[in-house]
Amino acid sequence: MRKVTAGLFHSVDGVVSEPFKFQFDSFDDELGAGLTKMMETVDTVVLGRVSYQEWAGYWPTATADQDFGAFINSVEKFVASRSLKEPLEWQNSRLMDAPLEEFVGKLKERDGGEIAVCGSISVTRQLLFAGLLDSLTLMTHPVIAGTGRRLFEDGDPTTRLELQDQYRTSKGNVVSVYTRRGE
């Protein structure tokens, strides 16, 4: 069965939205190597509507970060949305033809490499709480963002996680990889 992974840039105070506002001075070679490793194992990407629209407006013509641009533009992408309509404009992008959890459950059963949730805070949350997310990587930057959307909210169900790996990068980022603990 294929693995579903998610990785989010994260501030010390838990902000995961708009990481370009706080990660610019702490992104380092070790984080870049981690992204390269991810690109080597992932052949399918899952996006929510908001991330899809932001990324589809940027990556097809981006000149920065050529390696990630080449990866994200060419990889198979499935989008969870109730408001977008086919055909989607960004190459290799299709709408999910079933509810998120059902679609991802079936996608895991197909042959292929890893499935990565990119950006997409609400999709990451939904798949984690549904037990469909096999690993969650938080790349915590040494900054207090102050404002922005956090991954977890008041009222979320108690969910036990198990730390699988953790390391510190040269610019002080802490990369933590979690799985759900068997209940």
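Which side chain makes a polar contact with the side chain of Thr-179? In this predicted model, the partner is the side chain of Gln-164, at 3.3 Å. The fold around that pair is an open sheet of 8 strands with mixed pairing. Helices H1 and H3 lie on the sheet, and the largest nonpolar core holds 24 residues.

**Annotated span**
- An unreviewed UniProt entry annotates residues 2-174 as "domain: Bacterial bifunctional deaminase-reductase C-terminal".
- Helix makes up 28% of this span and strand 25%.
- The C-alpha atoms at its two ends are 26 Å apart.

**The sheet**
- The strand order is S4-S3-S2-S5-S1-S6-S8-S7.
- S4 (93-95) and S7 (161-168) are the edge strands; each has a single partner, so one side of each lacks a neighbour in the sheet.
- On average, neighbouring strands are turned by 25° against each other, direction ignored.
- S3 and S4 are parallel, with 3 bridges between them.
- Within that pair, Lys-77 faces Ser-93 of S4 as its opposite residue.

**Strand S2 and its partners**
- S2 spans residues 42-48, and 6 of its 7 residues are buried.
- On one pairing, S2 runs parallel to S3 through 5 bridges.
- Here Gly-48 stands opposite Ala-80 of S3.
- S2 also pairs with S5, again in the parallel sense, over 4 bridges.
- In that pairing, Val-46 is opposite Val-117 of S5.
- Val-46 and Val-117 also belong to the largest core, among the residues that touch the most other members.

**Helices on the sheet**
- H1 (residues 29-41) lies across S1, S2, S5, S6, S7 and S8.
- The direction of H1 makes about 105° with that of S2.
- H3 (residues 66-74) packs on the sheet and touches S2, S3 and S5.
- H3 runs at about 70° to S3.

**Nonpolar cores**
- In the largest core, Val-46, Met-96, Leu-100, Val-117, Leu-127 and Leu-133 touch the most other members.
- Two or more residues each come from strands S1 (4-11), S3 (76-80), S5 (114-118) and S6 (135-141), and from helices H4 (100-109) and H5 (121-129).
- Another core of 21 residues lies apart from this one; Met-38, Phe-68, Ile-72 and Val-79 are among its members.
- Beyond four places in sequence, Leu-127 touches Val-4, Leu-100, Val-104, Val-117, Leu-132 and Leu-133.

**Helix H5**
- Leu-127 is one of the buried residues of H5, along with Ile-121, Val-123, Thr-124, Arg-125 and Leu-128.
- Just after the helix, Gly-131 adopts a positive phi of about 80°.

**Helix H4 and Lys-108**
- Buried residues in H4 are Leu-100, Phe-103, Val-104, Gly-105, Leu-107 and Lys-108.
- These buried residues pack against S1, S2, S3, S5 and H5.
- Lys-108 counts as buried because its relative accessible area is 6%, below the 20% cut-off.
- Its side chain comes to 3.4 Å from the backbone oxygen of Leu-132.
- Leu-132 is also one of the contacts of Lys-108 beyond four places in sequence; the others are Met-1, Arg-2, Val-4, Ile-115 and Asp-134.
- Lys-108 and Ser-120 are 12 residues apart in sequence, with 18 Å between their C-alpha atoms.

**His-10 in strand S1**
- His-10 lies in S1 and is buried, at 14% relative accessibility.
- The side chains of His-10 and Thr-140 make a polar contact of 3.0 Å.
- Beyond four places in sequence, His-10 touches Val-15, Val-16, Phe-22, Leu-138, Met-139, Thr-140 and His-141.

**Thr-179 in strand S8**
- Thr-179 belongs to S8.
- Thr-179 has a relative accessibility of 19% and therefore counts as buried, since the limit is under 20%.
- Besides Gln-164, Thr-179 contacts Asp-134, Ser-135, Arg-160, Leu-161 and Glu-162, with neighbours within four places in sequence left aside.
- Asp-134 thus appears in the contacts of Thr-179 and in those of Lys-108.

Technical notes: Residues numbered from 1 in each chain as written. Heavy atoms only, no water. UniProt positions renumbered as here; feature names shortened; annotations may be inferred. Core = buried A, V, L, I, M, F, W, Y, C linked by side-chain atoms within 4.5 Å. Buried < 20%, exposed > 50% of the residue type's maximum accessible area, 1.4 Å probe, protein only. Contact = heavy atoms within 4.5 Å. Pairing = 2+ DSSP bridges. Axes fitted to C-alpha atoms, helices over the stretch in contact; angles between N-to-C directions. Polar contact = N/O pair within 3.5 Å; in protein donor to acceptor, adjacent residues only side chain to side chain.
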